[in-house]
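Q: Could you teach me how to read empty spaces and packed helices in a protein model? I am new to this.

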Amino acid sequence: MQTSYAFISIYKQRITSLDRALQSAPRHQPRQGGHGPVEYRKLMQRFRQFLAEEEKFWTQLVVRLRRSFGLDEAQSAFVALGILPPDEPTGTHARESPEQSHQREGPTSNGRNQFQFPPEDSTPPALPQSSAERTGRLTILSKALVCLGDIARYRELYNESGGRPKAGHEEALVPARKNARNKRGGAPGMDIPRARNYDKAQQCYEQARLLVPDEGNPSHQLAILSSYQKDLFGSLIHYYRALCVLQPYDTASENLGTVLNKALDQWKARMRREKEKNGGKLVERDGASTLAPRLRVEAFKEKVVVLHALWRLGVDRCIFLLMELAKRLLTFGMRRMESTSPKHAEGVLKDFASLVSERALPTDTISKVIVLAEGALWKHRTIRDSTPPVANSSPIAIESHIATHVLALYRVLLEIGIIELAESPPQDAAEDLAQRITATFRRMLPALRIAGKWLQANFKYVLQGHQSGVTKAKEDVPPNKKEKRKSATILAIAGVSLFWESYAQFTSALYRSFPEGKLPALTSPLEEDVDMRGFLPLKKLMVGEGRGDAESKGEGNKAVAQVHPNEEQLMRISDLLEDVKVLIEFEVHIHTSFAFLRSHNSLPELTSGVAQEPLCG
């Protein structure tokens with residue numbers, strides 16, 4: 001792999017150097033030293049030819065790896081990528097005949113084909129002898145798919161045909177074709193450059209991630225594709241996914257910081273323009289304004305990314321920036337400054353609530369907002385940046401802010417769910433429970449499942465943050481700096497009691513509308529289960545991920561069980577009620593004074609199977 005990347009790097013450097021020479025040289029002046037347009041075109045042609053040959057080599061290599069080691073888990077990935085036909089045999093029948101090998105890999109010379117592969121013999125595949133060995137070979141296969149994705153990405157990035165711009169000049173206009181007229185019927189001149197299509201690269205990266213969800217490299221490459229498309233929100237979600245896995249991709253942490261700094265700079269520049277436009281008055285864009293739905297969603301995504309950027313800089317730095325924009329740095333005391341810090345997060349929550357309620361946010365975006373917050377908390381707790389926030393920032397204070405936001409987002413969904421469940425069901429809903437699921441509630445269900453699994457995985461953590469927050473709230477103002485420093489090292493999650501109240505109301509309403517005995521059980525993974533595999537904040541609680549590595553590895557790219565969409569939604573609701581049982585059982589066995597769910601005796605059917613113990617208090 002390193003050989004391919006070494007050659008690609010050399011080609012890129014030479015192309016960039018030659019392009020700069022062409023851009024800097026005066027027009028109509030003879031160019032010396034082989035730095036003219038002809039040399040540039042020849043170099044580009046050689047590079048594209050090299051990439052085409054590399055793609056053929058890596059394609060044949062992954063096919064040979066899959067056959068030689070019996071890695072049938074990759075079959076569906078290869079079919080999805082068009083590498084193998086859908087009817088390709090698996091197992092011991094996957095060997096090719098010499099004629100088939102000759103047709104696919106080309107003629108042989110000295111016992112090897114054009115890619116220097118020896119011919120396949122009739123011996124059976126060398127199956128892995130252990131789970132670790134199989135995992136290692138699947139990991140190699142996943143890396144090879146990433147390499148194929150990189151080659152496809154470079155082939156498109158350095159493709160200047162059909163009106164595409166030069167690499168690195170995507171924003172510039174391109175000369176119109178001879179005798180061509182622009183779309184408005186004007187005279188020949190300059191055309192808007194054709195958008196690049198990275199679909200093939202994206203498919204390779206996605207299949208590599210699904211094949212081995214514990215590897216962060218594929219998600220990092222997906223983040224790069226999002227950056228090509230100026231999608232900071234998409235880049236952010238992929239960078240977090242690259243870090244919140246068993247094998248995180250270390251470069252993602254640095255690139256994540258770059259993306260967040262860029263987003264923050266853009267936001268500050270826009271805020272200054274808005275202030276100047278409104279006569280010195282700062283007016284923040286509101287997700288509930290009269291903007292078109294698409295613009296409202298984009299404004300909301302920008303707010304979410306900026307919030308993550310503020311978390312990364314640290315609480316004190318966040319305060320500084322907010323106060324700088326409002327030009328109130330020196331006029332407020334420290335306590336007033338601390339109260340200003342959460343305002344941006346409150347704005348995100350407000351917009352999230354309105355956009356979800358009005359069905360302006362797509363289903364996957366609702367889930368991504370939840371996943372982003374969970375990923376930010378995991379990353380903050382486990383991976384420290386090489387350049388930390390300002391010296392006075394307390395990591396535990398930032399953690400408290402992020403954890404509070406995670407629960408607040410979940411509570412927004414619960415509150416909306418309570419309203420949706422209160423709507424009068426249609427007349428035929430008694431026979432068909434799916435008719436009781438409103439359009440808004442349907443969009444929320446995947447995100448509710450993801451948030452529920454996070455709560456189940458982090459139940460003790462939430463209780464710890466709640467108890468610390470209650471203790472801190474009861475204490476008087478610390479009498480000296482030493483006590484202040486001590487209180488700053490305690491995790492304090494705000495609003496936990498309000499969250500549990502909403503959770504109890506929601507689950508009670510859910511059970512009344514959807515009796516558990518009438519719901520289909522969730523026994524096979526749904527779309528969100530497959531997508532969230534490997535995401536460590538959920539601790540492998542999504543359906544289908546709790547099995548051993550050897551059994552579940554590589555199954556992410558298999559098709560989800562085909563059932564009617566209405567049955568899927570009822571399965572999600574069934575799984576939500578199962579989560580409630582687990583949390584109640586946690587309360588019983590944790591022996592804590594906090595027993596909110598058991599004290600709200602509104603779910604007798606759900607608690608009937610749980611061994612009850614006296615409440616501690």
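A: Happily! On a 1 Å grid over the protein atoms alone, a cavity is a set of points where a 1.4 Å probe fits but cannot get out, and its lining residues have an atom within 4 Å of a point. Grid points are joined across faces, edges and corners, and a volume is the space filled by probe spheres set on the points. This model is predicted, and totals for linings use all residues, while local features need pLDDT of at least 70 and side-chain atom pairs count only at pLDDT 80 or more. Residues are numbered from 1 along each chain as its sequence is written, and side-chain values use heavy atoms, leaving out hydrogens and water.

Q: How many cavities of 30 Å³ or more does a search of the whole structure find, and what volume does the second largest have?

A: Rolling a probe the size of a water molecule over the atoms shows where empty space is left. Here the search finds four cavities of 30 Å³ or more, and the second largest has a volume of about 70 Å³.

Q: Which element gives the most to the lining of that second largest cavity?

A: Helices are DSSP runs (H or I, at least four residues), numbered from the N terminus. H19 gives the most, with four residues. Helices H15 (395-421), H16 (439-457), H19 (496-513) and H22 (565-590) each give two or more residues to this lining. Among the lining residues are Tyr410, Leu448, Phe506 and Asp579.

Q: At what angle do H15 and H16 pack?

A: Two packed helices are described by the angle between their axes and the distance between the axes. Axes are lines fitted to C-alpha atoms, for helices over the stretch in contact, and angles run from 0 to 180 degrees between N-to-C directions. H15 and H16 pack at about 140°, with their axes 10 Å apart. That makes H15 oblique to H16; angles under 35 degrees count as roughly parallel, over 145 as roughly antiparallel, 65 to 115 as roughly perpendicular and the rest as oblique.

Q: How far apart are the axes of H2 and H5?

A: The axes of H2 (residues 37-68) and H5 (residues 131-157) are 10 Å apart, at an angle of about 160°. H2 and H5 are therefore roughly antiparallel to each other.

Note on methods. On a 1 Å grid over the protein atoms alone, a cavity is a set of points where a 1.4 Å probe fits but cannot get out, and a pocket is an open set with protein on both sides within 12 Å along at least five of seven lines; lining residues have an atom within 4 Å of a point.
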